[in-house]
Amino acid sequence: MAMDPTSKNPFEGPAEEERMANIYALLGDADHAIPILKRLLQIPYGFAITPALLRLDPVWDQIRNDSRFQELVAGKAT
């Protein structure tokens, strides 16, 4: 993610960030995953993550009960 940031590669950068958020979520690290997800929900990219995907994908189960994650799922990302 640091070697190929979204700012320099808007095509593949968001996918890298999403994978990093997946890793943080699988580790139960909501403090790192949620800011990434919040940003990704605000930018357009191929196969973009959506509140519906967050709600359905089991990869997010470890952080699902976090109130900040619930706001993202509800579409209240600001």
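Helix axes that meet at an angle over 145 degrees count as roughly antiparallel. That cut-off matters for two helices in this predicted model.

**Helix packing**

α1 and α2 pack at an angle of about 150°, and their axes lie 8 Å apart. The two helices are therefore roughly antiparallel to each other. Their crossing is left-handed. On the α1 side, the contact is made by Pro14, Glu17, Glu18, Met20, Ala21, Tyr24 and Ala25. On the α2 side, the contact residues are His32, Ala33, Ile36, Leu37, Arg39 and Leu40.

**The nonpolar core**

The largest nonpolar core has 17 residues. Ile34, Leu37, Ile49, Leu54, Trp60, Ile63 and Phe69 have the most contacts inside this core. Three helices each give two or more residues to the core:

| Helix | Residue range |
|---|---|
| α1 | 13-26 |
| α2 | 30-40 |
| α4 | 67-73 |

α2 supplies the largest share, six residues.

Leu37 appears in both pictures: this leucine belongs to the α2 side of the helix contact, and it is listed among the core residues with the most contacts. What does Leu37 contact, leaving aside its neighbours within four places in sequence? Its partners are Ala21, Ile49, Leu54, Trp60, Ile63, Phe69 and Leu72.

**The aromatic pair**

Two of those partners, Trp60 and Phe69, are buried. A pair of aromatic rings is described by the distance of the centres and the angle of the planes. The count comes to one aromatic pair. Trp60 and Phe69 form this pair, with 6.4 Å centre to centre and 35° between the planes. The arrangement of Trp60 and Phe69 is tilted.

Technical notes:
Residues are numbered from 1 along each chain as its sequence is written. This is a predicted model: local features need pLDDT of at least 70, side-chain atom pairs count only at pLDDT 80 or more; totals for chains, interfaces and linings use all residues. Side-chain values use heavy atoms; hydrogens and water are left out. A nonpolar core is a set of buried Ala, Val, Leu, Ile, Met, Phe, Trp, Tyr and Cys residues joined through side-chain atoms within 4.5 Å. Buried means under 20% relative accessible area, exposed over 50%, partly exposed in between (1.4 Å probe, protein chains only). Helices (H or I, at least four residues) and strands (E, at least two) are DSSP runs, numbered from the N terminus. Contact means heavy atoms within 4.5 Å. Rings of Phe, Tyr and Trp (its six-membered ring) pair if their centres lie within 6.5 Å; planes under 30 degrees apart count as stacked, over 60 as edge-to-face and the rest as tilted. Axes are lines fitted to C-alpha atoms, for helices over the stretch in contact, and angles run from 0 to 180 degrees between N-to-C directions. Angles under 35 degrees count as roughly parallel, over 145 as roughly antiparallel, 65 to 115 as roughly perpendicular and the rest as oblique. A crossing is left-handed if the near helix is turned anticlockwise from the far one by less than a right angle, and right-handed if clockwise.
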